[in-house]
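Biologist: Hi! Got a minute to walk me through this one?

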Amino acid sequence: MIKKIKVKNSGLIKLKFFNDFPDGNLVIGEAKKTVPFEIKRVYFINNLFNKKAIRGLHAHKTLEQIIFCINGRFQLTLDDGKVKQKIRLDDPYTGIRLGPKLWHTMTRFSSDCVILVLASDYYKENDYIRDYHEFLKYVKSKK
Ligand code: T46
């Protein structure tokens, strides 16, 4: 269970859900309500059979995203240039805000893990910072 987010440009997003036991749960996220931006892109990551898989290892300059683990579990490591935090994501109803200038890395995936991401913009490679030293410089320059 995630208690508190300590890094900058992040936070917890709680989705509303209806428990229709024994007929399943219905889970809802609404743009500019539960999700604090207009959603322009949705993607998911599955087939995480490689126990040593590492994803992320970058930050974004302007993109806003919310990341959910809608099945299984994984470890999300966040780094705002000063503070680092490791979060175990295993609750499909709670997402983590990945705001700009936040280095993020995903590891320790269960093989049934499914990651869902809601993004505020289309894919733009020039919004990525993929070099950690460049990231630290960028964070300092934008203070
Ligand atoms: C992020 C984390 C949480 C596209 O062409 N369109 C897309 O919308 C995305 C997301 C990716 N791609 C291409 C770019 C790469 O050639 O798909 C390939 C894999 O992307 P990447 O290595 O960036 O994947 P991850 O899992 O490291 O990162 C992804 C998102 O790219 C990123 O924005 O924040 O998930």
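Modeller: Sure, let's go over the fold and then the ligand site, keeping in mind that this is a predicted model.

Biologist: Great. How many helices and strands does the protein have?

Modeller: There are 12 strands and one helix. Along the sequence, the strands come one after another and the helix follows at the end of the pattern.

Biologist: And what is the radius of gyration?

Modeller: The protein has 15 Å, which agrees with the value near 15 Å for a compact globule of 143 residues. As for burial, 42% of the residues count as buried.

Biologist: What share of the contacts with a separation of 6 or more comes from residues 24 or more positions apart?

Modeller: That share is 76% in this protein.

Biologist: Let's switch to the ligand. Which residues come nearest?

Modeller: Out of 14 residues around the ligand, the nearest are Arg-41, Arg-55, Gln-65, His-104 and Tyr-128.

Biologist: Which strand gives the most to that shell?

Modeller: S5 does, with four residues. Strands S4, S5, S6 and S10 each supply at least two.

Biologist: What's the make-up by class?

Modeller: Six residues of the shell are nonpolar, five are polar and three are charged.

Biologist: How far is the polar side-chain atom of Tyr-128 from an oxygen atom of the ligand?

Modeller: It lies 2.5 Å away. For Arg-55, a polar side-chain atom sits 2.6 Å from a ligand oxygen, and for Arg-130 the distance is 3.3 Å.

Biologist: How much of the ligand's surface does the protein bury?

Modeller: The protein buries 68% of the 650 Å² that the ligand exposes when taken alone.

Terms used: Residues numbered from 1 in each chain as written. Predicted model: local features only at pLDDT ≥ 70, side-chain atom pairs only at ≥ 80, totals over all residues. Heavy atoms only, no water. Near = heavy atom within 4 Å. Polar contact = N/O pair within 3.5 Å; in protein donor to acceptor, adjacent residues only side chain to side chain. Areas by Shrake-Rupley, 256 points an atom, 1.4 Å probe, with all protein chains shown as cover. Nonpolar A, V, L, I, M, F, W, Y, C, P; charged D, E, K, R; others polar. Rg over C-alpha atoms; globule rule 2.2 N^0.38 Å. Buried < 20%, exposed > 50% of the residue type's maximum accessible area, 1.4 Å probe, protein only. Contact = heavy atoms within 4.5 Å.
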